[in-house]
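Subject: Structure for your review

Dear colleague,

Please find below the sequence and the structure for your review. My findings follow directly after them.

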Amino acid sequence: MTRRYEPRPAPAPAVHPGTDPRRAPWADQGWRLARAKRYGEAAAAFDQALAAVPTDVNALGGMGWALLDLGQPQDARSYFERALRLDGDHVLSLNGLAQSLKDEGRVGDAITVWQDMSQRYPGVNIGTPRLAWTYYEIQDYGQAAVHFARLINRHPYDSQIADALNIAVENIAGPQPH
């Protein structure tokens, strides 16, 4: 059963001199709460941030991720889309948009967003692992191998990536005689 986000006030964090007026201090608090897996409280902090600064793309993206973690991908997608209307290159929101589409069952649309990220940001970016694992899940082992190979170059000692890359390559080659 997924929990619905219910807005509730978050305590006001301290505002430090020199704070960017386009960023609400509650956004940083929201990210801290999200890292602690306190997603309902994180959503409340992001809600406060957006009440103060509705154009804070980091708060919009953070609210999207908090809602995703609360099992609300459609609601999350609307926050990612709002952030991307303000900053079309906001990488966390691009990645979140793709993940929300995947969670909604729109895997092809998610892959399209992650592929766009790969073209915009060559090499390894925050969408690369999700793209690799999504191809793996849908058994497109050729594409999975391409993206796992990028990841293993960045993380050569990650056994989970190495194992997935080996399995993907084996599945491309087909069954081997024993």
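A salt bridge is counted here where a side-chain nitrogen of Lys or Arg lies within 4 Å of a carboxyl oxygen of Asp or Glu. By that criterion the structure holds eight salt bridges. Please bear in mind throughout that this is a predicted model.

Overall architecture and confidence

The chain contains nine helices and zero strands, so its pattern along the sequence reads α-α-α-α-α-α-α-α-α. Of its 178 residues, 44% count as buried. Among contacts with a separation of 6 or more, 48% join residues 24 or more positions apart. The chain exposes about 9,900 Å², and carbon and sulfur atoms supply 52% of that area.

The average pLDDT of the chain is 86, and 84% of the residues score at least 70. Over residues 7–20, however, the pLDDT is below 50. Beyond near neighbours in sequence, this stretch nevertheless has 18 contacts in the model. Confidence is highest in α4, with a mean of 97, and lowest in α1, with a mean of 87.

Helix α2 and its surroundings

Helix α2 covers residues 39–52. At 1.5 Å a residue, its 14 residues should span 20 Å, and the C-alpha atoms at its ends are indeed 20 Å apart, which agrees. The buried residues of α2 are Y39, G40, A42, A43, A44, A45, F46, A49 and L50. The elements that cover these buried residues include α1, α3 (57–69) and α4 (73–86).

Salt bridges

Which residues are linked in a network of salt bridges? They are R77, E81, E104, R106 and D109. Within this network, the side chains of R77 and E81 meet with an N to O distance of 3.4 Å. Both residues lie in helix α4, four residues apart, or about one turn of the helix. An α-helix has 3.6 residues a turn, so residues three or four places apart point the same way. The two partners differ in burial class: R77 counts as buried because its relative accessibility of 18% is under the 20% cut-off, whereas E81, at 31%, counts as partly exposed.

R106 also forms a salt bridge with D109, and here the closest N and O atoms are 2.9 Å apart. R106 is partly exposed, with a relative accessible area of 36%, and D109 is likewise partly exposed, at 35%.

A further salt bridge joins the side chains of D116 and R120, at 3.0 Å from N to O. These two residues are four apart in helix α6 (residues 107–120), so they are separated by about one helical turn. D116 is partly exposed, with a relative accessible area of 28%, and R120 is partly exposed as well, at 36%.

L101 in helix α5

L101 lies in helix α5, which comprises residues 91–103. Is this residue buried or exposed? L101 counts as buried, because its relative accessibility is 5% and the cut-off for that class is under 20%. Leaving aside neighbours within four places in sequence, L101 is in contact with R77, R106, V107, D109, A110 and V113. Three of these residues, R77, R106 and D109, also belong to the salt-bridge network described above. L101 and A76 are 25 residues apart in sequence, and their C-alpha atoms are 9.6 Å apart in space.

Positive phi angles in two loops

Two residues deserve a look at their backbone. K37 has a positive phi of about 65° although it is not a glycine. This residue is placed in the loop between α1 (25–35) and α2 (39–52), and K37 counts as exposed, at 60% relative accessibility.

Q139 likewise has a positive phi of about 65° without being a glycine. Its position is in the loop between α7 (128–137) and α8 (141–154). Q139 is exposed, with a relative accessible area of 56%.

With kind regards

How values were computed. Residues are numbered from 1 along each chain as its sequence is written. This is a predicted model: local features need pLDDT of at least 70, side-chain atom pairs count only at pLDDT 80 or more; totals for chains, interfaces and linings use all residues. Side-chain values use heavy atoms; hydrogens and water are left out. Buried means under 20% relative accessible area, exposed over 50%, partly exposed in between (1.4 Å probe, protein chains only). Contact means heavy atoms within 4.5 Å. The expected span of a helix is 1.5 Å times one less than its number of residues. Accessible areas come from the Shrake-Rupley method with a 1.4 Å probe; for residues, only the protein chains shown count as cover. pLDDT is the predictor's confidence in each residue, from 0 to 100.
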